[in-house]
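Trainee: I've got the model open and a few things I'd like to talk through. Mind if I start with a loop and work from there?

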Amino acid sequence: MMLLRLAVSPRSRVAAPLSAAARTLSSGSVDISVPLNFWAGQRRTSRDKCNKENVYEPATGRVLCHLGPCGAAEVDQAVKAAKLAFEPWSKLSGMERARVMIEAAHIIESRREEIAETEVVNNGKSITEARLDVDSARLCIEYYAGLASTLAGQHVQLPGGSFAYTRREPLGVCAGIGAWNYPFQIAAWKSAPALACGNSMVFKPSPVTPVTAVLLAEIYMQAGAPEGLFNVVQGGQETGSFLCHHPDVAKVSFTGSIPTGQKIMEMASKGVKPVTLELGGKSPLIIFQDSDLENAVRGALMANFLSQGQVCSNGTRVFVQREILSEFVEEVVRRTQAIAIGDPLLESTRMGALVSRPHLEKVLYFVEKAKEEGATVLCGGERFVPADPTLRGGYYMTPCVLGDCTDEMTCVKEEIFGPVMSVLSFETEEEVLQRANDTTMGLAAGVFTRDVARAHRVVEQLKAGSCFINNYNITPVEVPFGGFKMSGIGRERLDADFYTTANVSRDERENENSSSDHFSIHPPQVHTT
Ligand code: NAD
């Protein structure tokens, strides 16, 4: 299936450009010349030799490997393996399952650098961010390991001294289908709750970023998971639909775009299967004139330019109160222009490459369209060609701030999923709330103000799954994550609810957390609804 041995440079330690031949992993090379499917405890080659697709390294544009999609027979084998593993796994106590998961978390910690570098090579995001993704994956597994032994039913006293009890039952084989922006993290976020609750999983990563999910499969095995507990099938739309339709798949947990989510729901409905849908967003970020401007500017950067802007929860509609508009814009443009773009494996890089050439073209098209519709490009929005000749085939662009935006513009209405911030001005709280909620999506929202009462009043009225106060895009694993309206159904990291048959009420918490260093903001505070 694969052409090359994945080799990346030790550029995380060396700032000087290196030749493509010198791109070798600093922590030992990861072999992708072997198959990337994994079921029943082994890597497997898919039989389809005709429909192979290239997998690219976004930083350079070179072909990393060729991916043959899994067909119906292979998906069936993976599901059968998962079904076999389900029997013994579901009989274990929570503590026994937790032991395997904790061991997996330890292995992830010990291989942090290697996994992060592999993610960078396949995804294009900066190494500093990739490390945080690996940490989030590990923490999620640890968190669910902790929950595994707490899953319990109820004891109900009935008249006459009799009683009833409920049991939390695992569902069986769960399917996970992931997007390309957080490949390793999504695989962990999907598998950790499923496995903790006693289920097994067949996971399909995006065909654009197939590499790191199989590392997770090997890690679970090494940690003591039974063969077939966590399996990986590679492929695109067709492979995904084989999974959704498979009669032995009990639940589908999906992360991706709204149109695909609609199809997943339709397919799952045929088998009356529950779904969790983590879909797209077009989230508002509201900056009131009394906010700490320095913090608000940092927040806007954090809300728009992490992972080259390819973050579902990004606050891309930045509403700024009229009184501070020019001051805010001046500062946000100055900081945006200072973002170091380039080789994502370098420690100094703050913005790497977009995930693919077609995606880069799509994002640049949105900028052109914004200009046609009357927006002003205040900075960026152009292809970027790094000085290093080995990176010239990469998919880079300069982060973009759009001014003079209005609510009707395409850049304000549609998810761009790239480094493009649209700035809008507003006069009153009432007006901005109405405009912020005027969207079919509702994944996240943010508010910057020094007025605590206003912050909570606004958050209460924002129709969004996660609302951030004076920070943005902080997603601690203990806090639920998911959308309102067309941004999705269900919550990741809520608790065991979505992988067992019992029911619980929605969670609501505040939390403190540190943010990623390069777009960091303060004071951190998260309010999730
Ligand atoms: P996508 O919808 O194109 O693909 C997502 C996954 O679905 C891929 O693995 C793809 O192969 C698979 N797929 C596509 N068609 C399918 C079908 N008919 N049946 C089964 N599987 C199918 O999304 P993408 O381009 O990979 O990711 C970007 C999108 O994901 C953005 O909209 C972003 O907002 C969203 N996203 C949401 C979250 C969240 O938590 N809400 C997180 C990350 C990304």
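Mentor: Go ahead, and keep in mind that this is a predicted model.

Trainee: Between which elements is the loop that holds Pro-207?

Mentor: Look at the two elements that flank Pro-207. One is a strand covering 200-204 and the other is a helix, so the loop with Pro-207 runs between β8 and α6.

Trainee: Is Pro-207 buried, partly exposed or exposed?

Mentor: The relative accessible area of Pro-207 is 30%. Buried would need under 20% and exposed over 50%. With its 30%, Pro-207 is therefore partly exposed.

Trainee: How far apart are the C-alpha atoms of Pro-207 and Gly-68?

Mentor: Along the chain, Pro-207 and Gly-68 are 139 residues apart. In space, the separation of their C-alpha atoms is 9.4 Å.

Trainee: Back to α6 for a moment. Which residue does Glu-218 meet in a salt bridge?

Mentor: Glu-218 sits in helix α6 (residues 211-222), and its partner lies in strand β2 (residues 42-44), so the pair ties together parts that are 175 residues apart in sequence. Glu-218 itself is partly exposed, at 25% relative accessibility. The N to O distance is 2.8 Å, and the partner is Arg-43.

Trainee: How many salt bridges does the structure hold?

Mentor: One of them is the pair of Arg-43 and Glu-218. For the whole structure, the number is 25.

Trainee: Are Glu-113 and Arg-131 buried or exposed?

Mentor: These two form a salt bridge, with their closest N and O atoms 2.9 Å apart. Glu-113 belongs to helix α3 (residues 112-123) and Arg-131 to helix α4 (residues 127-148), 18 residues apart, and the pair links distant parts of the chain. As for accessibility, both Glu-113 and Arg-131 are buried.

Trainee: And which residue forms a salt bridge with Glu-114?

Mentor: Both members of that pair are buried. Their closest N and O atoms are 2.9 Å apart, and the partner of Glu-114 is Arg-111.

Trainee: Staying with α4, which side chain makes a polar contact with the side chain of Thr-128?

Mentor: Thr-128 lies in helix α4. Its relative accessible area is 11%, so Thr-128 counts as buried. The contact spans 3.1 Å, and the other side chain is that of Ser-126.

Trainee: Now the ligand. Where does it lie relative to domain 1 and domain 2?

Mentor: Check which domains give residues to the shell around the ligand. Domain 1 (70-279 + 487-522) does, and so does domain 2 (284-469), so the ligand lies between them.

Trainee: Which element gives the largest share of the shell around the ligand?

Mentor: α7 (237-245), β10 (249-255) and α8 (258-270) each supply at least two residues of the shell. The largest share is 4 residues, and they come from α8.

Trainee: How many residues of the shell around the ligand are charged?

Mentor: In total, 29 residues surround the ligand, and Glu-415 is among the closest. The shell has 13 nonpolar and 12 polar residues, and the charged ones number 4.

Trainee: What percentage of the ligand does the protein bury?

Mentor: Start with the side-chain distances to ligand oxygen atoms: an N or O atom of Lys-204 is at 2.8 Å, a polar atom of Thr-260 at 2.7 Å, and an N or O atom of Glu-415 at 2.5 Å. Taken alone, the ligand exposes 850 Å², and of that area the protein buries 89%.

Definitions and conventions. Residues are numbered from 1 along each chain as its sequence is written. This is a predicted model: local features need pLDDT of at least 70, side-chain atom pairs count only at pLDDT 80 or more; totals for chains, interfaces and linings use all residues. Side-chain values use heavy atoms; hydrogens and water are left out. A salt bridge is a side-chain nitrogen of Lys or Arg within 4 Å of a carboxyl oxygen of Asp or Glu. Buried means under 20% relative accessible area, exposed over 50%, partly exposed in between (1.4 Å probe, protein chains only). A residue is near a molecule or strand if one of its heavy atoms lies within 4 Å of it. A polar contact is a pair of N or O atoms within 3.5 Å; within protein, one must be able to donate a hydrogen and the other to accept it, and residues adjacent in sequence count only if both atoms are side-chain atoms. Accessible areas come from the Shrake-Rupley method with a 1.4 Å probe; for residues, only the protein chains shown count as cover. Ala, Val, Leu, Ile, Met, Phe, Trp, Tyr, Cys and Pro count as nonpolar, Asp, Glu, Lys and Arg as charged, and the others, Gly among them, as polar. Domain bounds come from an automatic or database domain assignment.
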